[in-house]
Amino acid sequence: MAQVSPKPLESESSISAEAYDRWLREKVARSLADPRPSIAHADAVAAIRLVLGSAGRSGGDR
């Protein structure tokens with residue numbers, strides 16, 4: 001699957017509302033079409049806390 005850039009290519013100061021709307025709608029459409037199972041927010045937060053906790057115990061080299 002093609003990756004959507006984290007923000008539009010135009011600089012933030014010169015971006016038009018129409019360009020932003022097109023970019024956002026494309027990003028949402030790709031997300032809705034993604035066949036991978038959703039992850040509950042609580043599960044995502046728990047997984048991130050595990051990673052951050054293990055990074056802290058290992059000296060933060062990650």
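**Warm-up: a residue to start from**

At 14% relative accessibility, W23 counts as buried, since buried means under 20% relative accessible area, exposed over 50% and partly exposed in between (1.4 Å probe, protein chains only). Before going on, note that this is a predicted model, where local features need pLDDT of at least 70, side-chain atom pairs count only at pLDDT 80 or more, and totals for chains, interfaces and linings use all residues. Residues are numbered from 1 along each chain as its sequence is written, and side-chain values use heavy atoms, with hydrogens and water left out.

**Exercise 1.** Find the aromatic pair in the structure and say what kind it is.

*Solution.* Start with the rule: rings of Phe, Tyr and Trp (its six-membered ring) pair if their centres lie within 6.5 Å; planes under 30 degrees apart count as stacked, over 60 as edge-to-face and the rest as tilted. Searching the whole structure turns up 1 aromatic pair. The ring centres of Y20 and W23 are 5.3 Å apart and the planes sit at 45°, so the pair is tilted. Next, place the two: both belong to helix α1, 3 residues apart, about one turn of the helix. Helices here are DSSP runs (H or I, at least four residues), numbered from the N terminus. Last, check the cover on Y20: at 39% relative accessibility, Y20 is partly exposed.

**Exercise 2.** Work through the salt bridges of helix α1, beginning with R25 and D21.

*Solution.* A salt bridge needs a side-chain nitrogen of Lys or Arg within 4 Å of a carboxyl oxygen of Asp or Glu. For R25 and D21, the closest N and O atoms are 2.8 Å apart. Both sit in helix α1, 4 residues apart. R25 is exposed at 59%, while D21 is partly exposed at 34%. Now take E26 and R30, whose side chains meet at 3.2 Å, N to O. These two are also in helix α1, 4 residues apart, so about one helical turn separates E26 from R30.

**Exercise 3.** What does the span of helix α2 tell you, and does α2 lie in the open or is it buried?

*Solution.* The expected span is 1.5 Å times one less than the number of residues. Helix α2 (residues 41-57) has 17 residues and should span 24 Å; the end C-alpha atoms are 24 Å apart, which agrees. Then look at burial: of those 17 residues the number buried is 1, so α2 lies largely in the open.
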